[in-house]
Each structure stands twice: as C-alpha cells, then as structure tokens.
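Biologist: I have a model open and want to read its fold, its cores and its surface. Can you take me through it?

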Amino acid sequence: MYLLLFGNSVYGYEEKDSASSIIFRISNAYQKGTLSEKVYLDTVHVTMRSFLSNDIHFTNKELLELLASYRQVIWSNENEDYKRNYYGIFSNQAQVSGRLGEMLYYAEKINELEQKNNNQPSITALTIIADYYNTLWSYKNTQNLYITNRDFILTIPQKASQANMKITQLVQAGIMLDK
C-alpha cells in the first residue's frame, strides 16, 4: 500500500511539490473512505519518513499546511501514539534542516505526551534533547539531563531485556544510553 501511493512519483518533478501531492492524494483517499483511519495515519507517517530518506525537507510552516488533515484526524480521537508520530515528523524535519530550536521544541512536546500517558520520560525525547545539547557542545546540560532522569535511565537496560519494548524503542534506548 505504501509503495503504491509513493511509488516513483517524486522523480522527474520538483520534489517538494510531488511530495505534497502524494500527501494530498493519501488524504483524499482517506476522505473518500478508501483508507481506514489507521491505514491513513500509518501511511502518512511512513511516507513522511520516506521523504526524509530522500532528502525532501519542509519548513515548519509548510508542514503545518501539509499535515493539517493528518493533525485533525489525530486530535479528533484518542490517537496518542499518532500524536507522538506527528511531533516526531516535525522534530525530524527540523533536525535534518538544522533548525535545532524547533527540533528541541517538538522533542519536549513528545516528552510531555509520554509523561502524561506513561508517567515516565520519553526515551526518544531524551535522545533528541541530549543530541541538541551535544551538538551545541553543552555537555554540562547533557549531564544535568542525565542527573534529572537518572532513575528512569537506569531502568532502560532492564526494560530492554524483558523484551517488551518495540524495536524503535530499543534502537532509541541504545542511542540514548550512548549519549
């Protein structure tokens, strides 16, 4: 399904316009009832990740416009995981575009969501925040981040060994522990 919608349609056209067209077509398919809500949300998320891997970057303003329907569907229901994905798209786009302040802002939004839903910090957010500090050579702030979250961080190896973490969480945990 993802490849069918994405295909090779980016090639031969201005990449951002083609990428926007793809998201528009996915949204249209959902609005027409061709895609279920879950398939729609998953497809937009995977497609946006594909754009990153193809070096297609959007500004924050462009993303707000491009993902307006996606955001509306997410916030209309209890889609907490998708809210995290939404903020992740913005954080990733900001990171690859060198907009570190935006990256940090969205990492903090991810952390707020996970604190609210799971009563614990977000491994992903802590990784992004540590990366932000390390990029700025602000290792003292990385150290303070660790001290503030030490109790949670020390539980990560045990959680990983219990095999109840998703693969993406395991990868993020490894990266975060490395930082």
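Modeller: We start with the overall fold, then go inside, then to the surface. Keep in mind that this is a predicted model.

Biologist: How many helices and strands are there in the chain?

Modeller: The chain has 10 helices and zero strands.

Biologist: What does the radius of gyration say about a chain of 179 residues?

Modeller: Compare it with the value expected for a compact globule. That value is near 16 Å for 179 residues, and the chain has 17 Å, so the two agree. The C-alpha trace spans about 50 × 30 × 25 Å along its principal axes.

Biologist: Which residues touch the most other members of the largest nonpolar core?

Modeller: A nonpolar core joins buried residues through side-chain atoms within 4.5 Å. Here the largest one has 28 residues, and Met 48, Leu 67 and Tyr 70 touch the most other members. Helices α2, α3, α4, α5, α6 and α7 each give two or more residues to this core. Another core, of 17 residues, lies apart from it; Ile 128, Ile 156, Ala 173 and Met 176 are among its members.

Biologist: What is Met 48 in contact with, beyond its neighbours within four places in sequence?

Modeller: Its partners are Ile 23, Phe 58, Leu 63, Leu 66, Leu 67, Ile 89 and Gln 93.

Biologist: Now the surface. Which residues form a nonpolar patch there?

Modeller: Ile 167, Leu 170, Val 171 and Ile 175 do, with about 340 Å² of accessible area together. Leu 170 sits in helix α10, residues 167–178.

Biologist: Why does Leu 170 count as partly exposed?

Modeller: Partly exposed lies between 20% and 50% relative accessible area. Leu 170 has 34%, so it falls in that class.

Conventions. Residues numbered from 1 in each chain as written. Predicted model: local features only at pLDDT ≥ 70, side-chain atom pairs only at ≥ 80, totals over all residues. Heavy atoms only, no water. Patch = residues over 30% accessible without salt bridge, like charges linked within 9 Å, V, L, I, M, F, W, Y side chains within 5 Å. Areas by Shrake-Rupley, 256 points an atom, 1.4 Å probe, with all protein chains shown as cover. Salt bridge = Lys/Arg side-chain N within 4 Å of Asp/Glu carboxyl O. Helix = DSSP H or I, 4+ residues; strand = E, 2+ residues; numbered from the N terminus. Buried < 20%, exposed > 50% of the residue type's maximum accessible area, 1.4 Å probe, protein only. Contact = heavy atoms within 4.5 Å. Rg over C-alpha atoms; globule rule 2.2 N^0.38 Å.
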